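Student: Hi! Could you walk me through this structure while I have it open?
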Amino acid sequence: MAKRFSVILIFALLALAIAACSGKNGENNGAGGGNAAGSTNESASSEAGSSGEIKVGGSLIFGVGADPLELNPIYAGDRVSLTINQALFAPLFQVNNGEKTFYLAESLTPSEDGRTYTLKLKDGLTWHDGQPLTADDVVFTFDAILDEKQNSMFRSNLILGGEPIRAVKVDDRTVEFRLPQVNPAFEATLVQLTPIPKHIFENVANIEQSEKNLYDVVGSGPFKFKEYKPGEYLTLERFDGYALGKPNLDSITYRIAKDSNAALLALQNGELNVYYVNPQDVPTIEATGKFEILPYSEGRLAYLLFNENSANGLLAKKEIRQAISYALSREEMIQTVYSSGEYAEPAKSFVTPDGLFWTNDVATYDNDVEKAKELLAAAGTSNPKLTFIISSGNKAMEAAALYVQQKLKAVGITVEIQSLDASAFGQKFADASATDFDLAYSGYIMGYDPDAYRILYESDGDANYTHYNNPKVDELFDQGAREPDPEKRGAVYQELQEIIAEDAVIYPVAYTKTIVAVDKRFGGIEEAVLKPVVIFEDPSKLYLK
Amino acid sequence: MRQLIAKRLIQTIPLLFFVSVVCFALIKMAPGDPVMSFVTPNMHKEDIERVRANLGLDKPAHVQYWLWLKELLKGNLGYSLVNHQPVAKLILERLPATAGLMGCAILLAVILAIPLGLIAGAFHNKWVDRIITFMSYIGISVPVFWLAILLIYLFAVKLDWLPSMGMRTIGVNSAADVIQHGILPVSVLAFSFLSSYVRYVRSSTIGQLREDYVQIQYAYGSIRRVVLFRHVLKHVLLPIITLLGMSLADLVTGAIVTETVFSWPGIGSLGVTAIRGMDYPIIMGITLFSALLLIIGNLLADVLYGYADPRIHTMR
C-alpha cells in the first residue's frame, strides 16, 4: 500500500514539473508589466499630448554591466563610466561624419600655420552647483591631465614629439592651445577633453582618490548627480542650466545588472528601458513588441590577428598570410560569427567607416581555396600548425576559431584552439614577447581620426600586436600626422590602407554593429544621436512619449 | 573554557598571516594584470607604465606584499587598484546586504530543516521520508543560478508578483521594499541550504532514535511528537551548531552566484569583480575578513558545543 502510494506520488510530482515547464515555453509575451520601477509618472499621464509636442518628464533606466569606476573624465576609461559621463558632463564639441556639433564651445579656429588652436566657450555656462564655467576650468583640466602626479591615462595624448601642448587663457571665454608641431589629429584629442571643475579640484592633492569622483559629482552636462548606491544604481536628475537647453526627462538611472540573462528578463519586465542585446537575443526581445531594436555602427573593426612574432615563423611570411586569407570566406565567416549580415558589414580596410579618409576599395584576399593551396605549396611549408587563442566564454571568438580551424584544415593547415581565461587571454594577447600563439580574433575602436591607428601598425607602436614591421608604413603615418592639407592627408591614408591590405597584415572581417533595445515609450533617439560605447551622445534630447 | 578561548585567539594571528601570504602568492602567480582591466588599445605605453608604477605593480611581489602588510598593521586595508576607493569602506558598505541575505537564508533553512529532518528520520523509509529525501536531492543538485533565473522568470516576468533584480526600487528607501526584493534571493539560497541541512538532521535523528533513552520514553507512554521534539531535538541540534559555526564565514562569501544573478549589492559580487580584474587589495581584504570570521565561528561553535553537551570536555 505504502509502496504504491509512493509511486503514484512520484509520478504526480513529475507530471507537475513537466506541466510547469511546457507552460513556460508556450507564451512569450510578458505579463502586464506595470511593475516598471521609477517610471510611475507615465501611467497617469497617458498619450494625452498631441503628436509633435514633446512632453517634459519621465525617467529612463539604462542597464549597465558593472559599477562605474571613476566618473571623472580625466580618468574614465571603462564603458560604464564613459556612458554615465555623457549625461553628467558636457564635452567641448563632438564630431559625427566629419561634422562638428558644439556643446560647451562656440567655435574652434586653427591658425594659418596649424600650430595654434583658439577655442571660444559659449556665454553664461555654469556647473551643476551654479559656479560659472570658464576658460580657467579648461586650462585647469588640461594641466591636470599633463600633471604626472595626477596619473591621468590621457597624458600622452597631449604630448607631441616629446613636448607638451600648452593651454593658455586669453580671456574668461577663450583658450589658446599652442602645439609644438603641426598635428591635425589634435581636434580628435579635443573631442575627448571634457572640462572638470577647477573650484572643486584645485586644492586636491590626489584627484584620483577623491570621493568626488563617485559621489556628488559636479559636472556641466544635462543631468546632475542625485544619488549613487554602489552595486545597485546611480540616479541623475535634470539640470535646467544645460548649455544646449533644458533636457526633457526628469531623471536617468543607471541600474547595475551584472548577469546578462537576468538583465534581459528585467528588460522584458519593464525594470530596464535600455540595454545592449546580442544578435541571438533579438528575436526574444522583438517578440515582446515593447522595444525598438536599434543596430548602429560601433566604429569597430573585428579582425583576425596574425602574430608575426610567433616561434614557427610561418605568419611572418606574407604569402602564408595571403594563403590563409584566401582560404577563408568573409561572408561565410560573418554569417557564422554574427548569425546575420544585418549586424556586421564586410570589412576590407583596417580603418572603420566612420573614420576620415576611409575606403573599402583596397586589395583583398578572400574565398579562393585553390589560390590558397597554390600559395602554400609555393611557400614550401610542410604540415603547418597554428595555434589560435581564444578567451573562454567569448562566443564570437569561439565561433570564429572553429570556423577558421575548419576552413584551414581544407587547405592543409592544422589549427589548434587554446582556450584561456579572460585575464590570461588579455595578458597574452598584449604581450609583446609572446611567441607561442599565431592567431586570435579581436576587435578595436579607434575613433574617427586615422592617426589613432599608428599605435597599432607602426613598427614600434605600443599596440602593435601583429608585430608588423614596414618602414614605409611608419613613414606614411608620420607624414599623415603632420600634414595640414586635408587632400594631401587623404592621399597618405589611402596609400596606407592599400599597403596594409596588400601585405595582409590582418584579415579584416567585419565592421560590427552594436544592438541596443530601447523601450518604445521613449522618443528623441535620432536627435540624441546613437554613438559607440556611450549609446547616446546627447541624452538631453530623449523624452517620454 | 577560558583557556581554550585565549589559546584560540592567540593562534588567530599567525593563522591570518599564513592565509594572507598564501592568498597573495596565488594572486600573483595567476596570469592576468590588474592594469589590463582598464586599458584600451588607444592608450600609449608610457601612460600604462606610469599608471602601473603609481599603483606599485612594477615592484617585485614580496615588496608589494610587505608594503601591503605595513599598511595593514597601521589599520589601513588599502585602496582598490581599479577605482581607488578604500577597501575597508567598500567591504563595510556591502556587508549588511550580504549578511542580511545570508542570515535570513540560513535562518529560514535551519527553521525548516529541523522539523523536516526530524520527521524524515522518524518515518525513516516511509513515503514521507522518501519525498523529503527526494526534494533534498533535487535541492543539492540543482544549480543555484538556474533556479534563480527560473524563479525570476516565473514570479517577476510571468506572474509579476515580485521585482526581478536589485535590492531596492529606484529612489525608494523603505525596509518593506528591501524585503520584497529579498524574497526571491533568500528563497533560492534557503532552498539549497535546506537540502543539505535536512540530510544532517535526518541521519542524526535516525541515529538518536536507536538510543536507549528513546525506548525508555516510549516505555513511559510518551507520544511520538513529544519524544521527537522535546528529547531528540536537543541531541540533533549538535551537528547543526557546528554547521552554523562554520557558516559564519558564509555570511560574507556564501552568496556569490546568487548576488550576481539578482544584482544584489553584496560582497560576493564585489569579490567576483575584484578577482576578474586582479584587484588584489580587495581580494586580500575579503579573504582576511572571511578567514577571521571562520576562525571566530569555529571557536563559537566549540564553546557552544561545550555548553550544549556536558559530555564534551573542551581542551584544558
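Tutor: Happy to; we can go through the two chains, a sheet, some helices and the contact between the chains. Keep in mind that this is a predicted model.

Student: Thanks! How many helices and strands does chain A have?
Tutor: Chain A has 17 helices and 23 strands. Its radius of gyration is 26 Å, close to the 24 Å that the globule rule gives for 545 residues, so chain A is as compact as a globular protein of that length.

Student: What does the C-alpha trace of chain A span along its principal axes?
Tutor: It covers about 90 × 70 × 45 Å. Of the 545 residues in chain A, 46% are buried. Among the contacts in chain A with a separation of 6 or more, 67% are between residues 24 or more positions apart.

Student: OK, let's do a sheet. In what order do the 4 strands of the open sheet in chain A come?
Tutor: The order is 4-5-9-8, and the pairing is antiparallel. Strand 4 (105-110) and strand 8 (166-171) of chain A are at the edges with a single partner strand each, so one side of each is left without a neighbour in the sheet. From one strand to the next, the twist averages 20°.

Student: Which residues stand opposite each other there, say between strands 4 and 5 of chain A?
Tutor: One pair is Leu108(A) with its bridge partner Leu119(A) in strand 5. Strands 4 and 5 of chain A pair in the antiparallel sense over 5 bridges. Their hairpin has 5 residues between the strands, and Gly114(A) in it takes a positive phi near 75°.

Student: And how many bridges are there between strand 5 and strand 9 of chain A?
Tutor: There are 5 bridges, again antiparallel, between strand 5 (residues 116-121) and strand 9 (residues 174-178) of chain A. Here Lys120(A) stands opposite Thr174(A) in strand 9.

Student: Which helix lies across strand 5, strand 8 and strand 9 of chain A?
Tutor: That is helix 4 (residues 135-146) of chain A, which runs at about 170° to strand 8 of chain A.

Student: Switching to another hairpin: how do strand 10 and strand 11 of chain A run?
Tutor: They run antiparallel, with 6 bridges joining strand 10 (residues 223-229) to strand 11 (residues 233-238) of chain A. Phe225(A) stands opposite Leu236(A) in strand 11. This hairpin has 3 residues between the strands, and Gly231(A) takes a positive phi near 85°.

Student: Now helices. Which residues of helix 10 of chain A are buried?
Tutor: In helix 10 (residues 330-338) of chain A they are Arg330(A), Met333(A), Ile334(A), Val337(A) and Tyr338(A). Looking down the axis of helix 10 of chain A, these buried residues fall within an arc of 100°, so they line one face of the helix.

Student: Why would residues three or four places apart point the same way?
Tutor: An α-helix has 3.6 residues a turn, so residues with that spacing point the same way.

Student: Nice. What covers the buried residues of helix 10 of chain A?
Tutor: The cover includes strand 15 (344-346), helix 12 (395-409) and strand 19 (506-519) of chain A. Ser339(A) follows helix 10 of chain A and has a positive phi, near 60°.

Student: Different spot: is Ala323(A) buried or exposed?
Tutor: Ala323(A) has 30 other C-beta atoms within 10 Å, and 20 or more count as buried, so Ala323(A) is buried. Ala323(A) is in helix 9 (residues 318-327) of chain A.

Student: What does Ala323(A) touch?
Tutor: Leaving out residues up to four places away in sequence, Ala323(A) touches Ala372(A), Leu375(A) and Leu376(A). The C-alpha atoms of Ala323(A) and Glu374(A) are separated by 8.1 Å, and these residues are 51 residues apart along the chain.

Student: What about chain B, how many helices and strands there?
Tutor: Chain B has 13 helices and 0 strands. Its C-alpha trace spans about 85 × 60 × 35 Å along the principal axes. Buried residues are 37% of the 316 residues in chain B.

Student: Last one: how many residues of chain B are in contact with chain A?
Tutor: 53 residues of chain B are in contact with 57 residues of chain A. Among the helices of chain B that each supply at least two residues of that side are helix 4 (87-122) and helix 6 (144-158). The chain B side that touches chain A divides into 24 nonpolar, 16 polar and 13 charged residues.

Technical notes: Residues are numbered from 1 along each chain as its sequence is written. Chains are lettered from A and ligands numbered from 1 in the order in which they are written. This is a predicted model: local features need pLDDT of at least 70, side-chain atom pairs count only at pLDDT 80 or more; totals for chains, interfaces and linings use all residues. The radius of gyration is taken over C-alpha atoms; the globule rule is 2.2 Å times the number of residues to the power 0.38. A residue is buried if 20 or more other C-beta atoms lie within 10 Å of its own, exposed if 12 or fewer, and partly exposed in between; C-beta atoms are placed from the backbone. Two residues are in contact if their C-beta atoms, placed from the backbone, lie within 7 Å. Two strands pair if DSSP finds at least two bridges between them. Ala, Val, Leu, Ile, Met, Phe, Trp, Tyr, Cys and Pro count as nonpolar, Asp, Glu, Lys and Arg as charged, and the others, Gly among them, as polar. The arc is that of the directions from the helix axis to the C-beta atoms. Axes are lines fitted to C-alpha atoms, for helices over the stretch in contact, and angles run from 0 to 180 degrees between N-to-C directions.
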